[in-house]
Amino acid sequence: MEKNNNILKEKVIKLQNELKELLGNNKHIYVHETNTFWEDSGELHIECDQGTIVWNLETLYNDLPHMLSYCIEEHKKKEKRIKKEMTQLIKNKL
(Lines give C-alpha, C1' and ligand atoms only; values in the text may rest on other atoms or scores of the structure.)
Protein backbone atom coordinates (compact mmCIF):
# COMPACT_ATOMS: atom_id res chain seq x y z
CA MET A 1 0.00 0.00 0.00
CA GLU A 2 2.77 2.42 0.92
CA LYS A 3 4.56 1.57 -2.33
CA ASN A 4 1.41 2.50 -4.30
CA ASN A 5 1.16 5.81 -2.40
CA ASN A 6 4.78 6.61 -3.22
CA ILE A 7 4.20 5.83 -6.90
CA LEU A 8 1.12 8.07 -6.93
CA LYS A 9 3.01 10.87 -5.16
CA GLU A 10 5.84 10.62 -7.70
CA LYS A 11 3.36 10.79 -10.58
CA VAL A 12 1.63 13.81 -9.05
CA ILE A 13 4.96 15.58 -8.59
CA LYS A 14 5.95 14.76 -12.17
CA LEU A 15 2.64 16.13 -13.50
CA GLN A 16 2.96 19.26 -11.36
CA ASN A 17 6.45 19.87 -12.74
CA GLU A 18 5.23 19.36 -16.31
CA LEU A 19 2.40 21.82 -15.70
CA LYS A 20 4.82 24.41 -14.27
CA GLU A 21 7.03 23.98 -17.32
CA LEU A 22 4.11 24.36 -19.73
CA LEU A 23 2.83 27.45 -17.95
CA GLY A 24 6.33 28.89 -17.78
CA ASN A 25 6.73 28.53 -21.55
CA ASN A 26 3.54 30.41 -22.28
CA LYS A 27 4.70 33.71 -23.76
CA HIS A 28 1.23 35.08 -24.51
CA ILE A 29 -1.17 36.51 -21.96
CA TYR A 30 -4.69 37.32 -23.10
CA VAL A 31 -6.19 40.17 -21.10
CA HIS A 32 -9.97 40.20 -21.41
CA GLU A 33 -10.47 42.40 -18.38
CA THR A 34 -8.14 43.94 -15.85
CA ASN A 35 -8.71 43.53 -12.14
CA THR A 36 -6.69 46.62 -11.25
CA PHE A 37 -3.64 48.57 -12.36
CA TRP A 38 -1.20 50.94 -10.71
CA GLU A 39 2.07 52.77 -11.25
CA ASP A 40 5.23 52.17 -9.26
CA SER A 41 8.79 53.30 -9.99
CA GLY A 42 8.12 54.21 -13.61
CA GLU A 43 6.32 50.95 -14.36
CA LEU A 44 2.66 50.20 -15.00
CA HIS A 45 1.42 47.07 -13.22
CA ILE A 46 -1.67 45.52 -14.82
CA GLU A 47 -3.33 42.77 -12.81
CA CYS A 48 -5.53 40.27 -14.65
CA ASP A 49 -6.69 36.68 -14.15
CA GLN A 50 -3.45 35.25 -15.59
CA GLY A 51 -1.16 37.29 -13.37
CA THR A 52 0.43 40.72 -13.37
CA ILE A 53 1.97 42.40 -16.38
CA VAL A 54 4.68 44.96 -15.65
CA TRP A 55 5.23 47.54 -18.40
CA ASN A 56 7.91 50.22 -18.55
CA LEU A 57 5.98 53.50 -18.79
CA GLU A 58 8.45 55.14 -21.18
CA THR A 59 8.00 52.26 -23.62
CA LEU A 60 4.24 52.35 -23.14
CA TYR A 61 4.20 56.09 -23.81
CA ASN A 62 6.08 55.59 -27.08
CA ASP A 63 3.71 52.78 -28.14
CA LEU A 64 0.45 54.51 -27.18
CA PRO A 65 -0.15 56.34 -30.50
CA HIS A 66 0.03 53.04 -32.39
CA MET A 67 -2.10 51.21 -29.85
CA LEU A 68 -4.75 53.93 -29.92
CA SER A 69 -4.76 53.86 -33.70
CA TYR A 70 -5.49 50.11 -33.63
CA CYS A 71 -8.24 50.61 -31.05
CA ILE A 72 -9.92 53.40 -33.04
CA GLU A 73 -9.69 51.37 -36.26
CA GLU A 74 -11.28 48.31 -34.64
CA HIS A 75 -13.97 50.43 -32.99
CA LYS A 76 -14.90 51.95 -36.36
CA LYS A 77 -15.16 48.45 -37.89
CA LYS A 78 -17.41 47.38 -35.03
CA GLU A 79 -19.64 50.47 -35.41
CA LYS A 80 -19.94 49.86 -39.15
CA ARG A 81 -20.87 46.20 -38.60
CA ILE A 82 -23.48 47.07 -35.96
CA LYS A 83 -25.05 49.78 -38.15
CA LYS A 84 -25.21 47.32 -41.05
CA GLU A 85 -26.87 44.69 -38.85
CA MET A 86 -29.37 47.22 -37.49
CA THR A 87 -30.23 48.40 -41.01
CA GLN A 88 -30.75 44.81 -42.11
CA LEU A 89 -33.01 44.12 -39.13
CA ILE A 90 -35.10 47.21 -39.91
CA LYS A 91 -35.45 46.17 -43.55
CA ASN A 92 -36.53 42.67 -42.53
CA LYS A 93 -39.20 44.06 -40.16
CA LEU A 94 -40.75 46.30 -42.82
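The following paragraphs lead through a predicted model, from its sheet to a helix and a surface patch.

The sheet is an open one, built from three strands in the order 1-2-3 with antiparallel pairing. Its edges are formed by strand 1 (36–40) and strand 3 (51–56), each of which pairs on one side only. From one strand to the next, the twist averages 20°. Between strand 2 and strand 3, which run antiparallel, there are six bridges. Within this pairing, C48 has G51 of strand 3 as its bridge partner.

Strand 2 covers residues 43–48 and includes H45. Is H45 buried or exposed? Its relative accessibility is 12%, and the cut-off for a buried residue is under 20%; H45 therefore counts as buried. Leaving aside residues up to four places away in sequence, H45 touches T36, F37, W38 and D40, and also T52, I53 and V54. The ranges of the edge strands, 36–40 for strand 1 and 51–56 for strand 3, give the setting for these contacts.

The next element to consider is helix 2, which comprises residues 57–93. This helix lies across strand 1, strand 2 and strand 3, and its direction is at about 90° to that of strand 3. L68 is located in helix 2. On the surface, L68 belongs to a nonpolar patch that also contains Y61, L64 and I72. Together, the four residues of this patch have about 420 Å² of accessible area.

Definitions and conventions
Residues are numbered from 1 along each chain as its sequence is written. This is a predicted model: local features need pLDDT of at least 70, side-chain atom pairs count only at pLDDT 80 or more; totals for chains, interfaces and linings use all residues. Side-chain values use heavy atoms; hydrogens and water are left out. Helices (H or I, at least four residues) and strands (E, at least two) are DSSP runs, numbered from the N terminus. Buried means under 20% relative accessible area, exposed over 50%, partly exposed in between (1.4 Å probe, protein chains only). Contact means heavy atoms within 4.5 Å. Two strands pair if DSSP finds at least two bridges between them. Axes are lines fitted to C-alpha atoms, for helices over the stretch in contact, and angles run from 0 to 180 degrees between N-to-C directions. Patches are made of residues with over 30% relative accessible area and no salt bridge: like charges are joined within 9 Å, nonpolar side chains (Val, Leu, Ile, Met, Phe, Trp, Tyr) within 5 Å. Accessible areas come from the Shrake-Rupley method with a 1.4 Å probe; for residues, only the protein chains shown count as cover. A salt bridge is a side-chain nitrogen of Lys or Arg within 4 Å of a carboxyl oxygen of Asp or Glu.
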